Amino acid sequence: MALDLGFLVGQKNPPLVGLDISTSGVKLVELSEVGKSEFRLERFAAEPLPRGAVVDGNIENIEQVSEAVRRVWKKSGTRAKLVALGLPPAAVITKKIILPGGLSEDELEVQVESEANQYIPFALDEVSLDFDVIGPAQNSPEDVEVLLAAARKEKVEDRVAVAEAAGLRPTVMDIESYAARTAIDRITAQLPKAGQGQIVGLFQIGAQVTHVSMLLDGQAIYEREQPFGGNQLTQDIVRAYGLSFEDAEAKKRTGELPDGYHQELLQPFLENAALEVTRAIQFFFTSTPYTHIDQIFLAGGCANIAGLAELVGERSKISVSVVSPFKGMQLASNVREKQLRAEAPAYLVACGLAMRRFG
């Protein structure tokens, strides 16, 4: 599902990079296709953002963010100028609607706009609107189920402005949760029986927010966001050791902290993270007809913290693994495997965006 900003013209699947702009930084991924649905990771790179440049998914400082995009593009070594971008789920209204089958594209557009008026609390000239025909409606096969997506134009325009200021050409605007799902579908397909009939819990632990998705056969059956993320640990380090936020963030990544850090700060943070995951699972069970989860995947910048997956597995009694969106892909010769292993879980959205090049 995406708000299309233009068309990929000329050659089939021209080079395109996925560009994920989050609270903590900018991540870039470029993939190529080496066979039917077989990918090679050509490049990946990340660049941190100054604190306050992006807040709650809103770009507060276009200049700082576009500068980070320019740096990450240069650092990656890519030559691709076309980019796929993502909007945070909270910035997008999505709604499934039923429309008569057999309508032309133009007729569908008119019907979608008419229906959109009922669900969107803004004037239509203030929003970017797109739709995707999912297929025949379940209870009336002569009708079609259509997914409608709408976002405030300024949210879209801010991201477009950032990419253009960095000399890039945005062509697709996706929804971050849909991009993550595109990437995770590849991984689920590698489970026994290609994951069919299994409920997969995806926990993306970001800087400020944990995005929870419960997936069954490629469809989200439950989604929510919880205000918990890696910045809480960074703030604890700031308070305990009198460091600046930037220094605390850097030392958190390298582990260059005093001896008591693991016991006094890291362990309580891990306990808290495991509690947030088990709490989300309970919410899922109490608000849906489902009573089990087959597999938990952890993603996001915090997913790789040593001990977290084990603790979540212990508390939840569910199989837990840290997800790499690049599992099973070929790696280009310039990709540094050690760095990739350490950072891969943070690239789920960027990888899903990069996959838009192929469909």
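In this predicted model, helix α5 and helix α6 (residues 245–254) pack with their axes 9 Å apart, at an angle of about 115 degrees. That puts α5 roughly perpendicular to α6, since the band for that label runs from 65 to 115 degrees. The handedness of this crossing is right-handed. On the α5 side, the residues doing the touching are Asn231, Leu233, Thr234, Gln235, Ile237 and Val238, and they meet Phe245, Ala248, Glu249 and Lys252 in α6. Sorted by class, the contact of α5 with α6 comes out as five nonpolar, three polar and two charged residues.

Helix α5 (residues 231–241) also packs against α7, and here the axes come within 10 Å and cross at roughly 155 degrees. With over 145 degrees counting as roughly antiparallel, α5 and α7 are therefore roughly antiparallel to each other. This crossing, too, is right-handed. From α5 the contact draws on Gln232, Leu233, Asp236, Ile237, Ala240 and Tyr241, while α7 brings in Tyr261, Leu265, Leu266, Phe269 and Asn272. The class split for α5 with α7 is eight nonpolar, two polar and one charged. Leu233 and Ile237 turn up here as well as in the contact with α6.

Moving along α7 (residues 261–287), the next partner to look at is helix α8 (residues 308–316); the two axes come within 9 Å and cross at roughly 45 degrees. That angle falls outside the parallel, antiparallel and perpendicular bands, so α7 and α8 are oblique to each other. The crossing of α7 and α8 is right-handed. Gln267, Leu270, Glu271, Ala273, Ala274, Val277, Thr278 and Ile281 make the contact from α7, and Leu308, Leu311, Val312, Arg315 and Ser316 make it from α8. These residues divide into eight nonpolar, three polar and two charged.

Now for the cores. Nonpolar side chains tend to be buried together in soluble globular proteins. The largest nonpolar core here has 37 residues, and the members that touch the most others are Val29, Leu31, Leu41, Phe297, Phe326 and Leu348. Both strands and helices feed into this core: β3 (25–35), β4 (38–48), β7 (82–87), α4 (176–188), β12 (199–205), β15 (295–299) and α10 (348–354) each supply at least two residues. The biggest share comes from α10, which gives six residues. Another core lies apart from this one, with 35 residues, among them Ala274, Ala280, Ala309 and Val320. Ala274 is also one of the α7 residues in the contact with α8.

Leu41 is worth a closer look. Setting aside residues up to four places away in sequence, Leu41 touches Val29, Glu30, Leu31, Phe326, Met329, Gln330, Leu331, Ala332, Val335 and Leu340. Among these partners, Val29, Leu31 and Phe326 are also listed with the members of the largest core that touch the most others.

Some of the loops deserve a mention too. Ala303 sits in the loop between β15 and α8, and with a relative accessible area of 1% this residue is buried. Leaving out its neighbours within four places in sequence, Ala303 is in contact with Leu298, Leu308, Val322 and Pro345. For Val322, the C-alpha atoms of the pair are separated by 6.2 Å, although the two residues are 19 apart along the chain. Leu308 also belongs to the α8 side of the contact with α7.

Ala90, by contrast, is exposed, at a relative accessible area of 70%. Its place is the loop between β7 and β8 (92–100). Ala90 and Glu176 are 86 residues apart in sequence, yet 9.8 Å apart in space, C-alpha to C-alpha.

Two other loop residues stand out for their backbone. Asp56, in the loop between β5 (54–55) and β6 (58–59), has phi near 50 degrees, a positive value in a residue other than glycine. Asp56 is exposed, with 61% relative accessible area. Lys193 lies in the loop between α4 and β12, and its phi, near 55 degrees, is likewise positive in a residue other than glycine. Lys193 is exposed as well, at 76%.

Key
Residues numbered from 1 in each chain as written. Predicted model: local features only at pLDDT ≥ 70, side-chain atom pairs only at ≥ 80, totals over all residues. Heavy atoms only, no water. Axes fitted to C-alpha atoms, helices over the stretch in contact; angles between N-to-C directions. Helix = DSSP H or I, 4+ residues; strand = E, 2+ residues; numbered from the N terminus. Parallel < 35°, antiparallel > 145°, perpendicular 65-115°, else oblique. Left-handed = near helix turned anticlockwise from the far one by under 90°. Contact = heavy atoms within 4.5 Å. Nonpolar A, V, L, I, M, F, W, Y, C, P; charged D, E, K, R; others polar. Core = buried A, V, L, I, M, F, W, Y, C linked by side-chain atoms within 4.5 Å. Buried < 20%, exposed > 50% of the residue type's maximum accessible area, 1.4 Å probe, protein only.
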